[in-house]
Amino acid sequence: MAHQTPRQRAANLKFAKANEKKLGKPKETKKADYPVSKTWMFVLLFLLIGGGVLELISMLF
């Protein structure tokens, strides 16, 4: 990381304040909403993997 002189730091802060006034504060990112809840996703995975394991067992024995 490059070191800043006090003059550069002050200029950067001044620019950031002016830019924030123009553009507004950055918006917070929103957590993505999935169409299926985690619980149902785990149930689906359990059924798929369990069915695959049972199918492998029935093929071997």
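On a 1 Å grid over the protein atoms alone, a pocket is an open set of points where a 1.4 Å probe fits, with protein on both sides within 12 Å along at least five of seven lines. The largest pocket here has a volume of about 190 Å³, a volume being the space filled by probe spheres set on the points, which are joined across faces, edges and corners. The model is predicted: local features need pLDDT of at least 70, side-chain atom pairs count only at pLDDT 80 or more, and totals for chains, interfaces and linings use all residues. Residues are numbered from 1 along each chain as its sequence is written, and side-chain values use heavy atoms, without hydrogens and water.

**Overall form**
- The protein has two helices and zero strands, taken as DSSP runs (H or I, at least four residues; E, at least two) numbered from the N terminus.
- Its radius of gyration, over C-alpha atoms, is 27 Å, well over the 10 Å that the globule rule (2.2 Å times the number of residues to the power 0.38) gives for 61 residues, so the protein is more spread out than a compact globule.
- Along the principal axes, the C-alpha atoms fill a box of roughly 80 × 30 × 10 Å.
- Buried residues (under 20% relative accessible area, 1.4 Å probe, protein chains only) make up 0% of the 61 residues.

**Helix α1 and Gly24**
- Helix α1 spans residues 6-23 and reaches 26 Å from first to last C-alpha, close to the 26 Å expected at 1.5 Å a residue, counted over one less than its number of residues.
- Among the 18 residues of α1, zero are buried.
- Gly24 follows α1 with a positive phi near 85°, and sits in the loop between α1 and α2 (38-60).
- Gly24 is partly exposed (20% to 50%), at a relative accessible area of 33%.

**Pocket lining**
- Lining residues (an atom within 4 Å of a point) are Lys31, Ala32, Tyr34, Val36, Ser37, Lys38, Met41 and Phe42.
- The lining divides into five nonpolar, one polar and two charged residues.

**Annotated span**
- The unreviewed UniProt entry annotates residues 40-60 as "transmembrane region"; such annotations may be inferred rather than shown by experiment.
- Residues 40-60 are 100% helix, with end C-alpha atoms 30 Å apart.

Key:
Nonpolar A, V, L, I, M, F, W, Y, C, P; charged D, E, K, R; others polar.
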